[in-house]
Amino acid sequence: MLSFVGFAPVDDPRFVALVMLDEPRHEKWGSEAAAPIFSAIGREVLRYLEVAPRDVAPVQIVTGGEPLAPRTRLMSTAAVPDATLMPDVRGQTLRQALAALEPLQAQVQVDGRGRVLQQTPPAGAPLAPPIVARLTLGAGDAGR
């Protein structure tokens, strides 16, 4: 029997998992067989928990005119959208909206929690620097 116990992320654990293999075929150590399984499961768990990857540049966020706490790091790996038009981020989580706005190098102001209900400038509006995006979040329907 082989096993591996791990937790992630290291600096602020959100989950712990035990992987046990009852009858491994050729492996002799848990790090050879069980650790890769933990890694694959852990990657999906972190994505589900919306824990941002640590190897991507952070996105600056402004809430109510004041920056978020220094410990907060939100990141994006989104594809680059058309930088001349405001994307439609209504109905998206804050993380998804930030990913869509990050390539625009917009200053983002956030009000509320939940999904994006309203956005300024509106979707499809022409953009010119400096870009300031105001997002109102809430628990309701975004009215797409």
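Before we look at the cluster of rings, let me say what a pair is here: two rings of Phe, Tyr or Trp, taking the six-membered ring of Trp, form a pair if their centres lie within 6.5 Å. With that in mind, and remembering that this is a predicted model, we can say that Phe4, Phe15 and Phe38 form one aromatic cluster.

How many aromatic pairs does a search of the whole structure find? It finds two, and I will take them in turn. In general, a pair of aromatic rings is described by the distance of the centres and the angle of the planes. For Phe4 and Phe38 the ring centres are 5.4 Å apart and the planes stand at 50°, so this pair is tilted. Phe4 belongs to strand β1, residues 2–8, while Phe38 belongs to helix α1, residues 30–48, so the pair ties together parts that lie 34 residues apart in sequence.

The second pair is Phe15 with Phe38, whose ring centres are 5.9 Å apart and whose planes are at 25°, and because planes under 30 degrees apart count as stacked, this pair is called stacked. Here too distant parts of the chain are linked, since Phe15 sits in strand β2, residues 15–21, and Phe38 in helix α1, 23 residues away.

Are these three rings buried or exposed? Phe38 is buried, with a relative accessible area of 12%, and Phe15, at 15% relative accessibility, also counts as buried, whereas Phe4 is partly exposed, with a relative accessible area of 26%.

Let us now follow Phe38 into its helix. Helix α1 has 19 residues and reaches 25 Å from its first C-alpha to its last, which is close to the 27 Å expected at 1.5 Å a residue. Its buried residues are Gly30, Ala33, Ala34, Ala35, Phe38, Gly42 and Leu46, and against which strands do the buried residues of α1 pack? They pack against β1 and β2, the strands that hold Phe4 and Phe15. After the helix comes Glu50, whose phi is positive, near 60°.

Finally, a word on confidence, which we should keep in view with any predicted model. The mean pLDDT of the chain is 81, and 76% of its residues reach 70 or more. Among the elements of the chain, the lowest mean pLDDT, 51, belongs to strand β5, residues 66–67, and the highest, 93, to strand β8, residues 115–120.

Key. Residues are numbered from 1 along each chain as its sequence is written. This is a predicted model: local features need pLDDT of at least 70, side-chain atom pairs count only at pLDDT 80 or more; totals for chains, interfaces and linings use all residues. Side-chain values use heavy atoms; hydrogens and water are left out. Rings of Phe, Tyr and Trp (its six-membered ring) pair if their centres lie within 6.5 Å; planes under 30 degrees apart count as stacked, over 60 as edge-to-face and the rest as tilted. Helices (H or I, at least four residues) and strands (E, at least two) are DSSP runs, numbered from the N terminus. Buried means under 20% relative accessible area, exposed over 50%, partly exposed in between (1.4 Å probe, protein chains only). The expected span of a helix is 1.5 Å times one less than its number of residues. Contact means heavy atoms within 4.5 Å. pLDDT is the predictor's confidence in each residue, from 0 to 100.
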